[in-house]
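Student: Please show me the model. I would like to go through its geometry by question and answer.

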Amino acid sequence: MHNQSSRCFPLPKISQAALDKYILSDNANGKRIEKWIALHAKNVKTWKITDQYALAHLIPLILCGEQSAQLVFNQEINRLFSENQDDNQTMIKSLLEVEADEHRHDQALQAILNALPAIENKRHIQRQAQRFYAQLGRGEDRCQHFIKIATLDACVTQVMHEFEHCLLGVNHPFSNLCGLIKKDEAKHVYVARHHAQALGATSAMFRKEQHSVSHLLHQLLDTQVEHFHFLGVDLNKIFTNLERKWQ
Ligand SMILES: [Fe+2]
Ligand SMILES: [Fe+2]
């Protein structure tokens, strides 16, 4: 079932030791996403072909971020777990929950992408996204990295909000899925910000990264601007609003 070509980062091994120790709380939104996959993933080919074509250009950009996030959270869980300290417990549990959310997003988006028509420049789009997400974590300390993740997820929350209310209509399965992912991402912003603060992040550090991360993400998404436009998603509006919020 897995199409390797739609992976941009390897799937990390589940932190079994951590999972054995922590019982994750009942996740209603996660269940809704699983139900979405069971119900709608098999019908992707019945979506309007022009919409499918636009989504085939856009989903790789987001999917790559879901996969990169799983790796980052997985590494941090393993690190905290190996420290074997009692005061890490709450954070490990929150990070495990985020990793599980990202895995569900990855599964849902991958199921869609695998059913969408093949497009000529898929590899190229994927590579650009891969470069962006890999760069984000390069040569940074953990604190800075989590500031960037909190910022990135704040941006993704807005992008998902716009997809939820895009020209596909509020009843389209893709709009529904984006509404569900949005809810998780808003929670991730909180977890990543909290963790960055625990690692020593200050408001000045947040301000500095917010500007550069959102600028770089805007640049990446802009490479497919005509497809966003086709679905009625206005990137300039999204990023102007974010900048205004952060000022
Ligand atoms: Fe996600
Ligand atoms: Fe996230």
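Student: Why does the distance between the end C-alpha atoms of helix α7 agree with its number of residues?

Tutor: First, the ground rules. This is a predicted model, with local features needing pLDDT of at least 70, side-chain atom pairs needing 80 or more, and totals for chains, interfaces and linings using all residues. Residues are numbered from 1 along each chain as written, while chains are lettered from A and ligands numbered from 1 in written order. Helices are DSSP runs (H or I, at least four residues), numbered from the N terminus, and the expected span is 1.5 Å times one less than the number of residues. Helix α7 has 26 residues, 173-198, so it should span 38 Å, and its end C-alpha atoms are indeed 38 Å apart.

Student: Which residue follows α7 with a positive phi?

Tutor: Look after the helix for a phi near 110 degrees. The residue is G200.

Student: How are α8 and α10 oriented to each other?

Tutor: Axes are lines fitted to C-alpha atoms, over the stretch in contact, with angles from 0 to 180 degrees between N-to-C directions. Those of α8 (203-222) and α10 (235-246) come within 11 Å and cross at roughly 180 degrees. An angle over 145 counts as roughly antiparallel. The two helices are therefore roughly antiparallel.

Student: Which residues of α10 make the contact with α8?

Tutor: Contact needs C-beta atoms, placed from the backbone, within 7 Å. From α8 come R207, Q210, S214, H218, L221 and D222. From α10 come L235, F239, L242, E243 and W246.

Student: Is M160 buried or exposed?

Tutor: M160 sits in helix α6. A residue is buried with 20 or more other C-beta atoms within 10 Å of its own, exposed with 12 or fewer, and partly exposed in between. M160 has 24, so the label is buried.

Student: Which residues does M160 touch?

Tutor: Leave out residues up to four places away in sequence. The contacts are then C178, I181, K182 and E185.

Student: How far apart in space are G179 and M160?

Tutor: G179 lies in helix α7. It is partly exposed, because 17 other C-beta atoms lie within 10 Å. In sequence, G179 and M160 are 19 residues apart. C-alpha to C-alpha, the distance is 6.5 Å.

Student: Which element gives the largest share of the largest nonpolar core?

Tutor: Such a core is a set of buried Ala, Val, Leu, Ile, Met, Phe, Trp, Tyr and Cys residues joined through C-beta atoms within 7 Å. The largest has 58 residues. Its largest share, twelve residues, comes from α3.

Definitions and conventions: Angles under 35 degrees count as roughly parallel, over 145 as roughly antiparallel, 65 to 115 as roughly perpendicular and the rest as oblique. Two residues are in contact if their C-beta atoms, placed from the backbone, lie within 7 Å.
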